Amino acid sequence: METQQDPMKDDLPLMANTSYMLAKHYVLDLDVDFTRKVVEGIIVLFFETGSQYRKTSSTGKEACQSQFDEACKMTASEPCHIPATNVSACSSKNQYKDLTACGKGEEDTSDKNGNHSNQDQASVISSSKDCYDIGNHGNKDFLLVLDCCDLAVLKVEEVDVASVSGIEKLTRLAELTDVSKELENRRNQIVHELVTLPADRWKEQLYYFTCCSQAPGCGELLFTAGPWSLEIRKPGIKTPADFPHAIRILYKTKPEGRSVTWTTDQSGRPCVYTVGSPINNRALFPCQEPPVALSTWQASVRTAADFVVLMSGENSAEPVQLQEGLLSWYYYVTMPMPASTFTIAVGCWQEVKQQSFTAPVQTNIEFSLPSSQSDFRCNHVEYPCRFQNPAARLQAVIPYRVFAPWCLVERCKELLLQLIPRCLSAAYNTLGTHPFSRLDVLIVPSNFSSLGMASPHIIFLSQSVLPGGTHLCGTRLCHEIAHAWFGLAIGACDWTEEWISEGFATSLEDIFWAKAQQLSHDEVKEQQELKALLRWQRLRDEVQNSEEELQVLRPKKESTGELSESGASVVKHGLKAEKTFMQVHYLKGYFLLRSLARTVGEDSYLICLRKFVHKFHGQLVLSQDFLCMLLEDIPEQKKSALTVESILQNWLDTSGIPKPLLEEGETWKECRLVLQVSGEVTKWIQTNQRIRKSSKKKRKQDEVIFQKLLPDQLVLLLESLLEEKTLCPGILQCLEKTYQLREQDAEVRHRWCELVVKHKYVPGYGDVEKFLREDQAMGVYLYGELMVNEDVKQQELAHKCFAAARDHMDESSAKVVAEMLF
């Protein structure tokens, strides 16, 4: 791994030394304060000794062994299969005891405590393996390094889990009553027993996690908070095995923290939600960010009674009133996940209730596993897995709820409540068992920086998917539902391989949406050919207008998945603002999978997907894992032309348009839906020419009949008209009225706004302003187009819209727009 880079520029550092200590469970107890725009409280972390530490403890006894024995020993030929121990929770209503802040506050304790400086982050990454010197135990105190940013850490302490009443009832703890053992070692063995309880004892496990999180402290720990990490040590402790395995951190977030967004919803009410990028959750709580750090969590969140707390949790939380005007919400998860997938949204959300009558959903069970897999044995370390639950395996539509600001409730009732069960059923009929037991869908505020985001048990959708018909909302919903399998249940060993999540979700959204619409085989093929052409054009434009290094799907190439000895790594280009708005990993990933499906055959490809999900759910993977499995199913005569190495070279490790894709660019133009659009484009161009040539006497024109078009056809039509040098105001007016463009979905309206800007169509400037205010997830590059024409009115419009939106705009969006405007 390259260790001398400067992560303050473009690469996101994952600092946690997971090879030495691995977080297995988090207990959060938080208060949300909208007046001060802070989340504050405590987090208790429970650890196991990590995979790289194989020494004995200072007591001479063998240290606790991590279950990540072979964690990410990643080479091009060795898939990375990371098991995860179950840690889970139940609906206990016990409240955590209050903690008072110590006197240390937020002062810099690095000199006084003798901790390593963390000002130079490049040196921290390069020297992280020296925090614990394996070769010479006696020279240095062990340093626990957590990922942390924009947090005020007030106090860190060891938790006396041995003081918990009844803790000795856990399996194999009778031997711990030996008073000759060191108390610290006894506490760590208790944590080890707790985090390794069998999956069928998850409720008992949760009970003890709750009790342990409330146990008194037994000594403060020294800490240093740097720009990207929190370093913790206990004087005299040299090894991870002897370091406290249960620690409590008292902290609060900062209003400017990049993991959360404080804003107002569409009804003007205050709210806060996690952003998910670019720095994950390290500005929400101290954690371990590397993908290998799969953990479970439980959280109690207190806020004023007007607010609803939604979270990535298995339970649909019911609020408990603590006192007048104050409610507490409790969530938990039992499936180990990266801490980056923890999601929270607090606002005055209204639940969109089901109507008294809903049309029945077709739930024909088409999914089946090959007979050889009918025993449903899983390959991950045990947790309460739905793939092993007979009832879950037959559940085509999982329970779901919809939340939105009150002003959008009616639209959600008309649209989302009808779409969700259809899309869930389509996903089930394609891939089988839903990995998660329930789903909340939330319409987030207008400053949300994308059309959607999926987390365990919850999906965020932009308000931009609501206008127009069902097409954009349905396809985006299908995309996010697909992430339950690809991105969440199956994660990437290395986050630079984003295509594993986004490429699969983009490909599957077409399959799900076709099933949800119950289209015929011919209709499916036509719509997918049209979609392929649109994506091809988008990829071509992106490749022409972006940095080459950002076009590579495996930017680390043969080093993908490699870690430092401590477990630290970087996400290549993870902090680059421009990358947030690029779709190359969506599009090239989609085209790779499309190409593979055509080579293998659609039916064989879907069978392979199901096989892959069955084998790898609950684990982390590299690209090779899927590619090797797929190629096993290709007949022998085809293997010579298609290998893992050729796929890596042609698709994943190079910039630009993949060579195999260049040959396909023209074929989609022969699709019936595309040819229909071509005919309509010709009509509009001819009409435009006639209007331009006609005299001011407005000679009567023969009326032209335009055909009704699908949303994707409208997108293609407008993109084709954008290539025309001049369109007169009359034709633009006629175009808008013919297709009622102001009432179409955001994808169509975006192209309409581009036409308005290109041709300086003043009557359409209001449409551009509305789009920039209400569709911030899609409008970033419209600012650039307003500036490039060097038209005073357009530049004034750009500055006006940015000034109105900037204070609430996503940080990456604001940065990119500011570079365009100033």
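In this predicted model, K556 is buried, because its relative accessible area is 15% and the cut-off for burial is under 20%. The residue is found in the loop between α9 (521-544) and β24 (569-571). Leaving aside residues up to four places away in sequence, K556 touches D494, T496 and V570. V571 is 15 residues from K556 along the chain. In space, the C-alpha atoms of K556 and V571 are 9.4 Å apart.

A second loop residue, T18, lies between β1 (12-14) and β2 (21-33). T18 also counts as buried, because its relative accessibility is 4%. Residues up to four places away in sequence are again left out of its contacts. On that basis, T18 touches G50, Q288, P290, V292, A293, S566 and G567.

Strands β4, β8 and β7 form an open sheet. The order is β4-β8-β7, and the pairing is antiparallel. β4 and β7 stand at the edges. Each has a single partner strand, so one side of each is left without a neighbour in the sheet. From one strand to the next, the twist averages 20°.

Strand β8 comprises residues 229-233. Its pairing with β4 (residues 143-147) is antiparallel and rests on five bridges. Within this pair, D147 of the chain has S229 as its bridge partner in β8. β7 (residues 222-225) is joined to β8 by four bridges, and these two strands also run antiparallel. L222 is bridged to R233 of β8. F223 has I232 as its bridge partner in β8. The connection from β7 to β8 is a hairpin of three residues.

How many residues of β8 are buried? The count is five of five, and the strand is mostly covered. Both faces contribute to this picture. On one side, S229, E231 and R233 are buried. On the other, L230 and I232 are buried. Two of these positions recur in the pairing with β7: R233 is the partner of L222, and I232 is the partner of F223. S229, on the face that also holds E231 and R233, is the partner of D147.

The helical part of the description concerns α20 and α22. Two packed helices are described by the angle between their axes and the distance between the axes. Helix α20 spans residues 765-774, and helix α22 spans residues 792-805. Their axes come within 10 Å and cross at roughly 25°. α20 is therefore roughly parallel to α22, as angles under 35 degrees count as roughly parallel. The crossing of α20 past α22 is right-handed.

On the α20 side, the contact is made by Y765, V768, E769, L772 and R773. On the α22 side, K793, Q794, L797, K800, C801 and A804 take part. By class, the contact has six nonpolar, one polar and four charged residues.

How values were computed:
Residues are numbered from 1 along each chain as its sequence is written. This is a predicted model: local features need pLDDT of at least 70, side-chain atom pairs count only at pLDDT 80 or more; totals for chains, interfaces and linings use all residues. Side-chain values use heavy atoms; hydrogens and water are left out. Buried means under 20% relative accessible area, exposed over 50%, partly exposed in between (1.4 Å probe, protein chains only). Two strands pair if DSSP finds at least two bridges between them. Axes are lines fitted to C-alpha atoms, for helices over the stretch in contact, and angles run from 0 to 180 degrees between N-to-C directions. Angles under 35 degrees count as roughly parallel, over 145 as roughly antiparallel, 65 to 115 as roughly perpendicular and the rest as oblique. A crossing is left-handed if the near helix is turned anticlockwise from the far one by less than a right angle, and right-handed if clockwise. Contact means heavy atoms within 4.5 Å. Ala, Val, Leu, Ile, Met, Phe, Trp, Tyr, Cys and Pro count as nonpolar, Asp, Glu, Lys and Arg as charged, and the others, Gly among them, as polar.
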